[in-house]
Amino acid sequence: MRRLLLAALVAFTVAPAAAVAAAASTPLDLETVMANPDWIGQAVEQPYWSADGRSLYYSLKRDGSPLRDLYRVDPATGQGAKLDPAALAQADGPAVFDRAHKHAAFILHGDVFVVELAGGRRTQVTRTPQEESAPRFSADGRALQFRDGNDWYSHDLASGVTAPAAVLKFADDPQASPPDALGQRQLELFKTLRQIEADKQARRDEDKALAAADPGRAPQPFFLGDKITPIDSELSPDGRWLLLVTAPKGYEAGKAPEVTHYVTDSGYAEQKEARVYVGRKDPAPQSLLLLDLANHQSYPLATDPLPGIKDDPLKDLRARAVAALQKAGKAEQAKALKAPEQRAVRIIGSEDDGGGGGIAWSDDGRNLAIQLRAIDNKDRWIASVDFGKHALVNQQRLTDNAWINWNFNDFGWLKDGRTLWYLSEQTGWSQLYVKPLDGKAKALTRGQFEVSHLQLSEDGQWFYLRTNRVAPYSYDVYRVPTTGGELARVTNYQGMDEFALSPDGTQLAVLHSSPYVLPQLAVQPSAGGTPRELTSTMKAAFTARDWIAPKIVAVPSSHGAGSIWAKYYGPADEQAGSKPAVIFVHGAGYLQNVTLSSTYYFREQMFHNLLVQQGYVVLDMDYRASEGYGRAWRTAIYRQMGHPELEDLLDGKAWLVKNHHVDPRRVGIYGGSYGGFMTEMALLRAPGEFAAGAALRPVSDWTLYNHEYTANILNDPQLDPDAFKASSPIEYADQLQDPLLIQHGLIDDNVLAEDSIRLYQRFIELHKKNFWMSLYPLERHGFVHADSWYDEYRRIDELFETYVKPAKEATTR
């Protein structure tokens, strides 16, 4: 019996290994590449330290489900486990600490918890159906502050009492309106009415006096009027002030297009709104209101002190547009383009602008900094607040003739509470600066590399940051003293994704990855040293395959742009004979795909392996506008999207022809989103250069895309119609001559399918040939169903097999 059991165990352990070996030796196929990616493994996500610093938590997607499980691991031993529901109830959330490091607080399942670090005593502060957020300790350490939406609360640690820090009423004060003429006449005539009114006022005065003298009472409400709506708020750590970001109530952003869902649970076609088109109306302007909670006063913070706020950076474009409209007899439209006397602003990082980070209080609550940007996004200001004058004081202005970056807007205070730190692209690269409120800025980093992911150590002595200082494609953690000094390398992964300092600042949790390894968790000393690997979540069926290591190459630009970094995929035993090639174009525009980390395009990377197996070579380029290469690289596309990028792609093709014996007549191109847009631009603006192209979920007409992204690069279509015309593939539809496959999710509410359908109709009317479209009824912008992925790439594979792999003359009709 024991021999039979042993034989069964041996068979059980050997069979999977044999199956893995067999799978590894089997040629790659499209079914495998586009299958549910659970067969690859799972990426480690959102690591954070426990409140006591003895454990690390992280999330892992569950196989066969979108749900995430929480894991806890001991960084000292590497021992870890998935938490069951009972253990989840006792887990920590990402913690914040008081200044004395006696207490920690965190959010768990939407509620607030506080922990005494010495004894581990844990107290649940809230138990509500809504989700609280943003816990932090008061400046004196006696209270825990947290928010529910835009309402702030303070929990007294000694008494256990929780109370609102302020009561906000977005309505007019019912007692504040004086009587009209008729009411005044009534008071003059009737003594009894005067006495009733006097009694009401006496009660109001008594309530105010009691509230001022007795902190145990709920605060008096602030009546802020019914013309504004709250967008964001931040309570000062000392509880004295509340900064409120507001927008006009009922602001209409413009008519939103609708997306039709054809395959639905109900069986009926359903209409759902998408986002508003660019140029229909600017986003709502925002305003700042400073509330003095101690004296129950409110003060608007005017933006007048910001330098350049009254300038018009689009003056020349505006003049041309107005003149053209007036000449065409469109006086009302010309009038609508008149520049405002003062530019409207939005608060960077406010809830309506992406969430978090636009407002920073010093730890003691005595200083406040706010990051604002003009709605035209040509200026960014970091301003402090003069509490005596209730006014903004400019500390740093960043101007960009194109647009201020979406990234590199981190800022905050050093531990002294008097010195600001911030990132800025003012030199052309994101670098770190410190600035005393009444002094000059000092650069802590310098060079042609990007700095991001700032973390200030708990003792205030070090900045930890992520940078590609060694090479554009290589990222690691570095640190620099807050007083200035050497920028020292801490990790040596070259593919570092995220990191988190331990509560005592001595250890660093690091998420790192490589081209075929999803993010994994390690821990190492924060000053540098040997890391301990804590996770290994890749599946054997994937790791056993002999994947092609992408070779990072520098393609020379023929247009003075320097080197265009790219990933090259080719066979290990590459022969000198003529061969076909495919150029892949990444999406998002501002995204970096040429790195030593794992890629967002993991399916495409596997597809590139399949293409090499089929006889192609593949080039994946970080064309101009890509992230990681400085401001000039990013803004090269201003008012001319698709032009510098196409120059780079054509340089990539020339490099393939020169260095890898690629037949210039047998080069295909494909990509999704911005990559789909560029595929269309390549075929329509450079006819004959590419044998065929596949455009996935492409933008074909930028006038149909959203405001937040498009207006930064092309301005408004009414103001700068030439930029939209030059940048939209639909304007070049008459030049189509090479085979084009368009693929689009039918319920895409980012780039609407209407975009592709309109271009398709243009081709019909122009009597074009060799163009096709495939639509996917249950897919949005990012496909999620394996069947759709397979069908999409089967069509791409067939397109290349038909029109790219053989000589072009043999397939042209």
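**Entry 1: two helices.** I looked up how α4 and α5 lie, and they turn out to be roughly perpendicular to each other, because angles from 65 to 115 degrees count as roughly perpendicular and the axes of α4 and α5 cross at roughly 105 degrees. The model I am reading is a predicted one. Helix α4 covers residues 181-189 and helix α5 covers residues 191-213. Their axes come within 5 Å.

I then listed who makes the contact. On α4 I found Q186, L187, E188 and L189, and on α5 I found K191, L193 and R194. I sorted these residues by type and got 3 nonpolar, 1 polar and 3 charged.

**Entry 2: a sheet.** I followed an open sheet of 4 strands, in the order β15-β16-β19-β20, with antiparallel pairing. Which strands stand at the edges? They are β15 (228-235) and β20 (297-301). Each has a single partner strand, so one side of each has no neighbour in the sheet. From one strand to the next I noted an average twist of 30 degrees.

I checked the pairing of β19 (residues 287-292) with β20 and noted 5 bridges between these antiparallel strands. One bridge pairs D292 with Q297 of β20.

**Entry 3: the whole chain.** I counted 17 helices and 45 strands in the chain. I noted that the C-alpha trace spans about 105 × 90 × 60 Å along its principal axes. The radius of gyration is 30 Å, which agrees with the value near 28 Å for a compact globule of 813 residues. Of the 813 residues, 51% count as buried. Last, I looked at contacts between residues at least 6 apart in sequence: 59% of them join residues at least 24 apart.

Terms used
Residues are numbered from 1 along each chain as its sequence is written. This is a predicted model: local features need pLDDT of at least 70, side-chain atom pairs count only at pLDDT 80 or more; totals for chains, interfaces and linings use all residues. Side-chain values use heavy atoms; hydrogens and water are left out. Axes are lines fitted to C-alpha atoms, for helices over the stretch in contact, and angles run from 0 to 180 degrees between N-to-C directions. Angles under 35 degrees count as roughly parallel, over 145 as roughly antiparallel, 65 to 115 as roughly perpendicular and the rest as oblique. Contact means heavy atoms within 4.5 Å. Ala, Val, Leu, Ile, Met, Phe, Trp, Tyr, Cys and Pro count as nonpolar, Asp, Glu, Lys and Arg as charged, and the others, Gly among them, as polar. Two strands pair if DSSP finds at least two bridges between them. The radius of gyration is taken over C-alpha atoms; the globule rule is 2.2 Å times the number of residues to the power 0.38. Buried means under 20% relative accessible area, exposed over 50%, partly exposed in between (1.4 Å probe, protein chains only).
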